[in-house]
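The following report describes selected features of strand pairing, helix packing and charged side-chain contacts. Please consult the sequence and the coordinates alongside the text.

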Amino acid sequence: MDRRKFIYSSVAAVAAAGLASCAPRPSEHKPGTSGRMVMRFYPYELQLAHRFTVASYSRSSTPDVQVEIEYDGVTGYGEASMPPYLGHSVESVCGFLSKVDLGMFESPFLLEDIMEYLDTLSDGDAPAKAAVDMALHDLVGKLLGAPLWKIWGYNPSKAGATSFTIGIDSPETVRQKTLECAEKYRILKVKVGLDSDEMMIKTIRSVTDLPLAVDANQGWKDKYKALDEIYFLKEHGVVLVEQPFAKENIDDAAWLTERSPLPVIADEAVQRLSDIPRIRGAYSGINIKLMKCTGLLEARKMIACARADGLKVMLGCMTETSCACTAIAQLSPAADFCDIDGNLLITNDLFKGMVVSDGLMQLPSGPGLGLVRL
């Protein structure tokens, strides 16, 4: 085994240990008479404060499924969010969850076993699996009486800033959205990928000089034009470029990354841990999202393996409640960039969890995810 493969497999094994190694001794937690996990789930439509437009679609709401797992009178929360490009639906998520039998496991501490079992039920269904994963993590943290960031040894003061997303829109609306958030955040994320890219950047620059990240959402087609645009973006205070080309276009991504003055981050091109070797050399970093990778257990493995490959780590989200956003934020001290604003884009959040103050994320101190049900 060569050195790279040895490091890659080793860090994955270390990350995989996760919370399983934190399982309480019998004297620390004594299960009650129920001794089994019970899962409940229900659909919940997320309402966006503003219509959201990216290079390939536009929407004003996002379908979602809320999940609760109860064990010994303690309830863990999770959710599955389904923006259009993922190809999932409320019906597919509920259909998958209906097949899940958690009663075959003794406790939520058997995270590795449970997630391996979920993968035997289907090759896909990542959002549904992520919902189960985060509810289990919430449960485990509550049973241990500590927040996940503390269990994992992270420093919450290093959670850092999150960007706030400005979707593609008219100059007037872009200017209005920027004015609304420029004083609240330290970095903005701008959706590009259409003929309006230059307009978007110049309009935002007429309002604020905050650092910007841009996300083309696979919208760019020509590598030479893309490189020219990146130089334009760098001159206008952009600090990174996310998913410039179609996810299958690895060759052009590698060409662009080699020449780009800015980091080029893979989003749609990397879903799960197994995708990281495939994009090696083609990108500067990866964007990890729970709805893509099946949850926190795999996200931690992806962080470890990305570091072994010298890749930057970005943490992102879909349109989500504070449940999923707070879950991914637990990992924020281990990331280079964070775009965890999905809960800030909706008007009907169900929870209070991670909050943003002066542009910086503040992780809750409560056990598990630290959520408060509204």
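Strands β6 and β7 run parallel and are joined by three bridges; two strands pair if DSSP finds at least two bridges between them. Helices (H or I, at least four residues) and strands (E, at least two) are DSSP runs, numbered from the N terminus. I166 has V190 in β7 as its bridge partner. The model is a predicted one, in which local features need pLDDT of at least 70 and side-chain atom pairs count only at pLDDT 80 or more, while totals for chains, interfaces and linings use all residues. Residues are numbered from 1 along each chain as its sequence is written, and side-chain values use heavy atoms, with hydrogens and water left out.

**The sheet**

The pair β6 and β7 belongs to an open sheet of eight strands, with parallel pairing and the order β6-β7-β8-β9-β10-β11-β12-β13. Because β6 (164-166) and β13 (337-338) stand at the edges with a single partner strand each, one side of each is left without a neighbour in the sheet. At the β13 edge, strand β12 (residues 312-315) pairs with β13 in the parallel sense over two bridges, and L315 stands opposite C338 in β13. Helix α7 (residues 197-205) packs on the sheet and touches β6, β7 (188-191) and β8 (212-215); contact means heavy atoms within 4.5 Å. The direction of α7 makes about 150° with that of β7; axes are lines fitted to C-alpha atoms, for helices over the stretch in contact, and angles run from 0 to 180 degrees between N-to-C directions.

In a regular strand the side chains alternate between the two faces of the sheet. Both faces of β7 are covered, with L188 and V190 buried on one side and K189 and K191 buried on the other. Here buried means under 20% relative accessible area, exposed over 50%, and partly exposed in between (1.4 Å probe, protein chains only). Helix α12 (residues 322-329) is mostly covered, eight of its eight residues being buried; among them are C323, C325 and I328.

**Salt bridges**

A salt bridge is a side-chain nitrogen of Lys or Arg within 4 Å of a carboxyl oxygen of Asp or Glu, and by this rule the count comes to 21 salt bridges. The table presents examples.

| Basic residue | Acidic residue | N to O distance |
|---|---|---|
| R373 | E68 | 3.4 Å |
| R272 | D119 | 3.0 Å |
| R186 | D358 | 2.7 Å |

R373 and E68 form a salt bridge. R373 lies in strand β17 (residues 372-373) and E68 in strand β4 (residues 64-71), so this pair ties together parts that are 305 residues apart in sequence. R373 is partly exposed at 35% relative accessible area, whereas E68 is buried at 14%.

The salt bridge between R272 and D119 connects the loop between β10 (264-266) and β11 (285-288), where R272 lies, with helix α3 (residues 111-121), which holds D119; the parts so tied are 153 residues apart in sequence. R272 counts as buried at 18% relative accessibility, and D119 is partly exposed at 29%.

R186 and D358 also meet through their side chains. R186 is in the loop between α6 (171-181) and β7, and D358 is in the loop between β15 (355-357) and β16 (360-362), 172 residues apart. The relative accessibility of R186 is 39%, which counts as partly exposed, while D358 is exposed at 52%. Salt bridges that share partners also join K189, K191, D215, E242 and D339 into one network.

**Helix packing and backbone**

The axes of α3 and helix α4 (residues 126-144) come within 11 Å and cross at roughly 165°. That angle makes α3 roughly antiparallel to α4, a term for angles over 145 degrees. The crossing of α3 past α4 is right-handed, meaning that the near helix is turned clockwise from the far one by less than a right angle. The contact involves L111, I114, M115, L118 and D119 in α3, which meet K129, V132, D133, L136, H137 and V140 in α4.

Most residues other than glycine have a negative phi. D72 has a positive phi near 55° and lies in the loop between β4 and β5 (74-81). Q243 likewise has a positive phi, near 40°, and is placed in the loop between β9 (238-242) and α9 (250-259). Q243 counts as buried, at 0% relative accessibility.

Definitions and conventions. Angles under 35 degrees count as roughly parallel, over 145 as roughly antiparallel, 65 to 115 as roughly perpendicular and the rest as oblique.
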